[in-house]
Amino acid sequence: MYILPLFCILAFMTVHPIFDFNPDSSLEDWYAVNDGVMGGLSRGNLKLDSAGHGVFSGKISLENNGGFSSIRYDCGRTDLDGHRYIVLKVKGDGQRYQFRVKSSREDYYSYISYFETTGEWQVLKLPLDSMYPVFRGRRLDMPHFGGNVLEEIGILIGNKEATSFELHIDTIGLE
């Protein structure tokens, strides 16, 4: 993961957007998947704030073997066209999050990369070829991401602690 200084934000404008949050954004193709699918009690959702940023927020509970919350976006068939990085502009709460991609929504596994937040706006570059496959939190013995297309992206928090969380998202793109 690369963290870019804020003066590099202008360079961010050359990034091909996957999703650009703004006051007119529709969240129709976004959905939450929380640990309730496995009996847990964590809560999380995505909404827009007054500035039009996406806000992924909620509370992680470890009760009933819980411990994660995630949001996912059906980005259709997004051709990578030689792009090598996922680029995020986010403002977190000091916690670690996981960015996830799938080449096909039908895949049972996701490719992941972790990123740390600082409480300030950050532009982060996550190399696609360093993302590794996981299923239900377990790393799989398979090659790192090498696909030519994305169909789903997501963000997950699951740091093995009961906590509240809040991640503001401005843009998710490809470089």
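This short talk goes through the fold of one chain and then its largest pocket.

Please keep in mind that the model is predicted, so that local features need pLDDT of at least 70 and side-chain atom pairs count only at pLDDT 80 or more, while totals for chains, interfaces and linings use all residues. Residues are numbered from 1 along each chain as its sequence is written, and side-chain values use heavy atoms, with hydrogens and water left out.

Let me begin with the whole chain, which holds one helix and 14 strands, where helices (H or I, at least four residues) and strands (E, at least two) are DSSP runs numbered from the N terminus. Of its 175 residues, 50% count as buried, meaning under 20% relative accessible area with a 1.4 Å probe, protein chains only. The C-alpha trace spans about 45 × 40 × 30 Å along its principal axes.

Turning to the largest pocket, its volume is about 880 Å³, the space filled by probe spheres set on grid points that are joined across faces, edges and corners. A pocket here is an open set of points on a 1 Å grid over the protein atoms alone, where a 1.4 Å probe fits, with protein on both sides within 12 Å along at least five of seven lines, and lining residues have an atom within 4 Å of a point. Of the 29 lining residues, M38, F68, R136, G137 and L156 are the closest to the centre.

Which strand gives the most to this lining? That is β8, with four residues, and β8 (96-102), β9 (110-116) and β11 (132-135) each supply at least two.
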